[in-house]
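Trainee: Could you give me a close look at how the aromatic rings pair up in this one? I'd like to see where they sit, and then how the rest of the fold looks around that picture.

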Amino acid sequence: MDARVHTAGQSGRADAEKPLQCAVDIDTSTAPPAEQFDLFRSWYQGVADTELLQERSHSFPAHETVWDLGPLAVMFLNLPGNGYRYRWRHLKNPSVDNWYLSLPLSKGRYTGNWQVVKTTLQSFAEPYECVTENDALLALFLPRDLPFIQSSRIEIREESKSLLADYMLLLHRSLSDLRAVGVSHIATATTNLLAACVSPSHDRVTEAQRVIDAVIVERAAKIIAQRLNDQSLTPDKLCRELGVSRSRLYRMFEPVGGISNYIRHQRLLKTRDILSDSLDGRPISTIAGDWGFMDPSAYSRMFRKEFGITPKEARVEGWGGAQAATLQQISQPDSRVHTLSGLLLRNSFGP
């Protein structure tokens, strides 16, 4: 949990449009099994001490990645889990006094589905000790000079912990898709969310919820894009994967008519692109069926309603003018874009 890692970010000359790169990626597998815990212990030299209390075998497999978000840093630590118990203890005179949000994790029912054990906010400058054998740890490191943590006693309100944990899990899943140009915005949004959870007001909690909703929308759009031709992908399945209710998911996608409409629109866009490809001469019904439209007549009606022409006309005429018109319509000012979730949704509708 070395708070110094945020200085090891990308070069200031890096192209802002490039994907954000992981700042730290270290693994105990580089050491012989008997030396792996000592290597793990060295990662936190100067801030905390670790002591191995129980080991299942003579090894300690651990993998740490850290993402640099300017003033903030996000760490994900994969641990060996059950059967490997160790003690974590702050040093009396640490080299840094940063705060860190700590979310110990246990493995969920499905691969990659992490369950938050608890949510705590700690300072390296304050005494703290715990014994753990969790499967992983997600942590957010904060500078000491943030206005809302100018105290040695800061606590997250109980009613805000689940909201904050949901956001952190979604943020971690989204980091590999983040562009460098978006780092400052994410850092600001994350700081504001934490401030709302520590010293909430009605306005702050409302804004915090918008931040979480925006991340969920981005995550949902990514899953849909990856599994667009999966005919078993339904709103209910998506809700289970995202860990949100159907009503909440619909509310977040309400600007585009709900989640079902969004999925249908993306599939129609895909068939439109395929129909414009002169190298693909398959029957229109076959293309439609590949993307979940099993009734050719219903598909044709939906296509015409969405784009103003039939699938056959799309194939014959091409999409030069119609595509430009669609782009112009998307680029028009819209009240929905005044929210972060609206902006993400609009951007997702690009061809």
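Mentor: Sure. Let's fix the rule before we count: rings of Phe, Tyr and Trp (its six-membered ring) make a pair if their centres lie within 6.5 Å, and planes over 60 degrees apart make that pair edge-to-face. By that rule you get 19 aromatic pairs. Keep in mind that this is a predicted model.

Start with Phe 40 and Tyr 86. Their ring centres are 5.5 Å apart and their planes meet at 80 degrees, which makes the pair edge-to-face. Now see where the two partners come from: Phe 40 belongs to helix H1 (residues 36–42) and Tyr 86 to strand S5 (residues 85–90), so the pair ties together parts that are 46 residues apart in sequence. Both of these residues are buried.

Next, try Trp 43 and Tyr 44. Here the centres are 6.3 Å apart and the planes stand at 75 degrees, so this pair is edge-to-face too. Trp 43 is buried at 11% relative accessible area, and Tyr 44 is buried at 1%. Now put the two pairs together: ring pairs link Phe 37, Phe 40, Trp 43, Tyr 44, Phe 60, Tyr 84, Tyr 86 and Trp 88 into a cluster.

So much for the rings; what about the nonpolar side chains more broadly? In soluble globular proteins, such side chains tend to be buried together. The largest nonpolar core here has 72 residues, and those with the most contacts inside it are Leu 69, Leu 142, Leu 238, Leu 249 and Phe 253. Apart from that one there's another core of 24 residues, with Val 24, Ala 62, Leu 79 and Leu 137 among them.

Two of those names lead you to secondary structure. Take Leu 238 first: it's one of the buried residues of helix H5 (residues 235–242), alongside Pro 235, Cys 239 and Leu 242. Looking down the H5 axis, the buried residues fall within an arc of 105 degrees, so they line one face of the helix. Just past H5, Gly 243 has a positive phi of about 75 degrees.

Then follow Leu 69 into strand S3 (residues 63–69), where 6 of the 7 residues are buried. S3 runs antiparallel to strand S4 (residues 72–78) over 7 bridges, with His 63 opposite Asn 78. The two strands form a hairpin with 2 residues between them, and Gly 70 in the turn has a positive phi of about 75 degrees. S3 also pairs with S1, again antiparallel, over 4 bridges, and there Asp 25 faces Thr 65.

Before S1 (24–27) you'll find Lys 18, partly exposed at 48%. Leaving out residues up to four places away in sequence, Lys 18 touches Leu 178, Arg 179 and Ala 180. The C-alpha atoms of Lys 18 and Ala 180 are separated by 6.1 Å, though their positions lie 162 residues apart along the chain.

Finally, zoom out. The protein has 12 helices and 10 strands, and 44% of its 351 residues are buried. Of the contacts between residues at least 6 apart in sequence, 69% join residues at least 24 apart. About 18100 Å² is exposed, with carbon and sulfur atoms supplying 49% of it.

Technical notes. Residues numbered from 1 in each chain as written. Predicted model: local features only at pLDDT ≥ 70, side-chain atom pairs only at ≥ 80, totals over all residues. Heavy atoms only, no water. Core = buried A, V, L, I, M, F, W, Y, C linked by side-chain atoms within 4.5 Å. Buried < 20%, exposed > 50% of the residue type's maximum accessible area, 1.4 Å probe, protein only. Contact = heavy atoms within 4.5 Å. Areas by Shrake-Rupley, 256 points an atom, 1.4 Å probe, with all protein chains shown as cover. Arc of directions from axis to C-beta. Phe/Tyr/Trp six-rings, centres within 6.5 Å; stacked < 30°, edge-to-face > 60°. Pairing = 2+ DSSP bridges.
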